[in-house]
Amino acid sequence: QVLLMESGGGLVQAGGSLRVSCMLSGSIASILSMGWYCQAPGKQRELVASITSGGLTTYADSVKGRFTISKVNAKNTLYLEMNSLKAEDTATYYCYADSLLRGLVRRDWGQGTQVTVSS
């Protein structure tokens, strides 16, 4: 099992920047990929960005060119740098990790961190 703990959310004005972090612990060596989802009130959870253990990244079209996902293995930490924030980026951001345990892929989630962008 991988344990995840987000931090760094908050209130920011439109056009501003914010970085959210996700500290990982537990079965880190078994992680295949990690990433961030967001969920706005009344909406489904959506994939924002992901990164594989080898460093390959993917982004939702809505955040390409504005958000950057990265990881620092030495710190067991995943980051999401968010620039040029818009009101529609307001959501709870969840980090996740997909790991391979006993031949099965397991997804673990963090508890979420709130990002609010004021217009």
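This passage walks through the cysteines, the nonpolar residues, the salt bridges and one loop serine of the structure above. The model is a predicted one, and every value below was computed from it.

The cysteines make a handy starting point. The search turns up 1 disulfide, formed by Cys22 and Cys95, whose sulfur atoms sit 2.1 Å apart. This disulfide ties together distant parts of the chain: Cys22 belongs to strand β3 (residues 18-26) and Cys95 to strand β9 (residues 91-101), with the two positions 73 residues apart in sequence numbering. The torsion about the S-S bond is about 60°, so the disulfide is right-handed. Both ends are out of reach of the probe: Cys22 has a relative accessible area of 0% and is buried, and Cys95, also with a value of 0%, is buried too. Then there is Cys38, which takes part in no disulfide. The nearest cysteine sulfur to that of Cys38 belongs to Cys95, and it is 13 Å away. A disulfide needs sulfur atoms within 2.5 Å, so that pair does not qualify. Cys38 still counts as buried, because its relative accessibility of 14% falls under the 20% cut-off.

Moving on to the nonpolar residues, the largest nonpolar core has 28 members. Those touching the most other members are Leu24, Trp36, Val48, Leu78, Leu80, Met82 and Tyr93. Plenty of strands chip in: β1 (2-7), β3, β4 (31-39), β5 (46-52), β7 (67-72), β8, β9 and β11 (113-118) each contribute at least two residues to this core. Val48 gives a good feel for the packing. Setting aside neighbours within four places in sequence, Val48 is in contact with Trp36, Tyr37, Cys38, Thr58, Tyr59, Ala60, Val63, Phe67, Leu80 and Tyr93. The unpaired Cys38 thus turns up again, as one of the contacts of Val48.

Not every nonpolar side chain is tucked away, though. Leu32, Leu100 and Val105 make up a nonpolar patch on the surface, and together they offer about 260 Å² of accessible area. Within this patch, Val105 is part of strand β10 (residues 104-109) and counts as exposed, with a relative accessibility of 56%.

As for charged pairs, the whole structure holds 4 salt bridges. One of them joins the side chains of Arg66 and Asp89, at 2.8 Å from N to O. Here again distant parts of the chain are linked: Arg66 is in the loop between β6 (57-59) and β7, while Asp89 is in the loop between β8 and β9, 23 residues apart. Both partners are buried, Arg66 at 10% relative accessible area and Asp89 at 7%. Another salt bridge brings together Asp98 and Arg107, at 2.7 Å from N to O. In that pair Asp98 is buried at 11%, whereas Arg107 is partly exposed at 33%. Asp108 and Arg106 also form a salt bridge, with their closest N and O atoms 2.8 Å apart. Asp108 is buried at 6%, and Arg106 is partly exposed at 36%.

Finally, Ser84 sits in the loop between β8 (77-82) and β9, where it is partly exposed at 42% relative accessibility. Not counting residues up to four places away in sequence, Ser84 touches Gly15, Gly16, Ser17, Arg66 and Asp89. Two of these contacts, Arg66 and Asp89, are the salt-bridge partners described above. Ser84 and Gln13 are 71 residues apart in sequence, yet their C-alpha atoms are 9.5 Å apart in space.

Note on methods
Residues numbered from 1 in each chain as written. Predicted model: local features only at pLDDT ≥ 70, side-chain atom pairs only at ≥ 80, totals over all residues. Heavy atoms only, no water. Helix = DSSP H or I, 4+ residues; strand = E, 2+ residues; numbered from the N terminus. Buried < 20%, exposed > 50% of the residue type's maximum accessible area, 1.4 Å probe, protein only. Contact = heavy atoms within 4.5 Å. Core = buried A, V, L, I, M, F, W, Y, C linked by side-chain atoms within 4.5 Å. Patch = residues over 30% accessible without salt bridge, like charges linked within 9 Å, V, L, I, M, F, W, Y side chains within 5 Å. Areas by Shrake-Rupley, 256 points an atom, 1.4 Å probe, with all protein chains shown as cover.
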